[in-house]
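User: I am new to this structure and would like to learn how to read its features. Could you take me through them one at a time?

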Amino acid sequence: MIERTHWHPVADAQTIADGPVAARLLGDDLVLWRDPQGAVHAWPDRCPHRGAKLSLGRIEGGHLECPYHGWQFEGGGRCMRVPALPGFVPPATHRVQAFEAREDHGLVFVRLASGGDAMPLFEAEGDDRLRKLNCGPYDVAASAPRIIENFLDMAHFGFVHEGWLGARDATAIDTYRVEETPTGLRATDCKAWQPQSNLHSTAPAQVEYGYEVTGPYTAVLTKIPEAGTVAVAGWREAIALFICPREPERSRVWFRLAVADFDSSDEKLRAFQDTIFLQDRPVLESQTPRLLPLDPRAELHTAADRASAAYRRYLSRLGITFGVL
Ligand code: FES
Ligand SMILES: [Fe+2]
């Protein structure tokens with residue numbers, strides 16, 4: 001599975017603190033824990049002794065201790081102690097197989113197999129003029145690719161987000177451009193008439209977006225500043241969509257905002273995002289098949305769907321098999 005060589009978000013970084021945490025990625029159970037030096041580790045959630053879940057254990061003396069017989073493992077995965085045999089020095093083969101884990105964007109990312117794939121790009125992350133805030137996680141009974149397509153889709157605004165991101169009397173989608181990129185695709189010149197495009201909108205506005213698919217299950221939306229707003233050259237608000245593909249038809253979703261608004265509380269910014277995404281969720285969960293069909297004949301397409309059609313071609317090209325049909 002090529003998707004095992006990609007980095008995927010699995011948890012909020014700050015939730016990995018005092019004890020081990022269970023996570024699920026690409027159908028595998030993981031245990032996440034943080035050592036006293038602050039490094040996060042991601043391992044299979046299965047003790048190599050008798051298969052108990054390590055996420056039910058605890059951290060003792062800087063090691064992860066299994067809940068069953070108390071074997072202790074150091075950060076690199078090696079077993080350091082077998083309490084039933086105090087004099088026994090476990091050989092190097094007594095170990096768990098660690099996955100690669102790293103923290104970025106306030107999340108823990110894991111990849112299950114090496115393969116040289118880079119972290120998904122989010123350029124706004126490095127821009128100090130923008131405030132970063134994570135929204136979610138949202139658990140959705142839908143495949144990750146269906147959620148990406150929803151993010152790229154402007155034709156649903158006037159229906160699913162009526163009065164917010166769209167209006168029923170302004171649902172036409174102007175031609176927009178889509179091009180392939182090494183990590184996915186880019187859509188530009190995307191315009192939408194939006195009654196309430198963000199927390200502070202006071203009047204409907206024509207909003208211009210750019211979309212970028214940055215990996216099989218990640219995407220970034222960039223908002224072109226509206227005329228007459230506090231636009232600074234090169235300054236663009238952005239929202240990254242990070243999805244953990246837990247099961248083929250179950251996903252965990254985060255949005256990372258990079259916004260110019262430093263005044264609103266975290267709660268207010270999150271409440272707006274919650275409102276929008278909770279409008280999407282029931283529709284996403286209603287779609288069948290839940291797996292995204294890659295055969296172009298499986299569903300009907302129009303020119304307004306060219307971003308999603310390009311996304312499907314990209315997944316096919318990549319050889320993605322998880323979450324697709
Ligand atoms: S099952 Fe983990 S120590 Fe025995
Ligand atoms: Fe939506």
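Analyst: What follows goes through the metal site, the helices, the aromatic rings and some backbone details. Keep in mind that this is a predicted model.

User: How do I read a metal site, and which protein atoms are the donors of the iron ion (ligand 2)?

Analyst: Begin with the atoms that hold the metal. For the iron ion (ligand 2), the protein donors are NE2 of His156, NE2 of His161 and two OD atoms of Asp280, at 2.0 to 2.5 Å. In sequence these donor residues follow the spacing H-x4-H-x118-D. His156 is in the loop between helix H1 (144-152) and helix H2 (157-160), while Asp280 is in helix H3 (residues 266-286), so this pair ties together parts that are 124 residues apart in sequence.

User: What is the geometry of the site of the iron ion?

Analyst: The angles among the 4 donor atoms run from 56 to 151 degrees, and the site is irregular. Water is not among the atoms, so sites may look incomplete.

User: Are His156 and Asp280 buried or exposed?

Analyst: Both His156 and Asp280 are buried.

User: Asp280 brings us to H3. How do I check a helix, and what span should the 21 residues of H3 have?

Analyst: Compare an expected span with the one in the model. At 1.5 Å a residue, H3 should span 30 Å, and its end C-alpha atoms are 30 Å apart, which agrees.

User: Which residues of H3 are buried, and what covers them?

Analyst: The buried residues in H3 are Leu269, Phe272, Gln273, Ile276, Phe277, Asp280 and Leu284. Their cover includes H1, H2 and three strands: E11 (131-140), E16 (237-247) and E17 (250-259).

User: H1 is part of that cover. How many residues of H1 are buried?

Analyst: In H1, 9 of the 9 residues are buried, so this helix is largely enclosed by the rest of the structure. Among them are Arg146 and Glu149, along with Ile147, Ile148 and Phe151.

User: Where is Arg312, and what does Arg312 touch?

Analyst: Arg312 is found in helix H4. Arg312 counts as buried, at 7% relative accessibility. Not counting residues up to four places away in sequence, Arg312 touches Arg146, Glu149, Leu292, Pro293, Leu294, Glu299 and His301. Two of these names, Arg146 and Glu149, belong to the buried residues of H1. Sequence separation and distance in space are separate readings: Arg312 and Gln273 are 39 residues apart in sequence and 26 Å apart in space, C-alpha to C-alpha.

User: How do I read aromatic pairs, and how many does a search of the whole structure find?

Analyst: A pair of aromatic rings is described by the distance of the centres and the angle of the planes. The search finds 12 aromatic pairs. One of them is Tyr138 with Phe277, a tilted pair with 4.9 Å centre to centre and 50 degrees between the planes. Tyr138 lies in strand E11 and Phe277 in helix H3, so the pair ties together parts that are 139 residues apart in sequence. Tyr138 is buried, with a relative accessible area of 6%, and Phe277 counts as buried at 1%.

User: Which residues do ring pairs link into a cluster?

Analyst: The cluster consists of Tyr138, Phe151, Tyr209, Tyr211, Phe255 and Phe277.

User: Where does a charged end sit over a ring?

Analyst: Look for a charged side-chain end and give its distance from the ring centre. The charged end of Arg102 sits over the ring of Trp7, 5.7 Å from its centre. Arg306 has its charged end over the ring of Tyr176, at 5.2 Å from the centre.

User: Now the backbone. Which peptide bonds are cis?

Analyst: The angle to read is omega. A cis bond joins Gly136 and Pro137, with omega about 5 degrees, and Pro137 is placed in strand E11. The bond from Thr288 to Pro289 is also cis, with omega near -10 degrees. Pro289 lies in the loop between H3 and helix H4 (306-318).

User: Which residues have a positive phi without being glycine?

Analyst: Leu26 has a positive phi of about 50 degrees and is placed in the loop between strand E2 (21-25) and strand E3 (28-34). His105 has a positive phi of about 55 degrees and lies in the loop between strand E9 (100-104) and strand E10 (107-111). Leu26 is buried, with a relative accessible area of 4%, and His105 counts as buried at 6%.

Key. Residues are numbered from 1 along each chain as its sequence is written. Chains are lettered from A and ligands numbered from 1 in the order in which they are written. This is a predicted model: local features need pLDDT of at least 70, side-chain atom pairs count only at pLDDT 80 or more; totals for chains, interfaces and linings use all residues. Side-chain values use heavy atoms; hydrogens and water are left out. Donors are N, O and S atoms within 2.8 Å of the metal (3.2 Å for Na, K and Ca); water is not among the atoms, so sites may look incomplete. Four donors count as tetrahedral if all angles lie between 85 and 135 degrees; four count as square planar and six as octahedral if opposite donors are over 155 degrees apart and all others between 65 and 115; anything else is irregular. Helices (H or I, at least four residues) and strands (E, at least two) are DSSP runs, numbered from the N terminus. Buried means under 20% relative accessible area, exposed over 50%, partly exposed in between (1.4 Å probe, protein chains only). The expected span of a helix is 1.5 Å times one less than its number of residues. Contact means heavy atoms within 4.5 Å. Rings of Phe, Tyr and Trp (its six-membered ring) pair if their centres lie within 6.5 Å; planes under 30 degrees apart count as stacked, over 60 as edge-to-face and the rest as tilted. A charge sits over a ring if NZ of Lys or CZ of Arg is within 6 Å of the ring centre and within 35 degrees of the ring normal.
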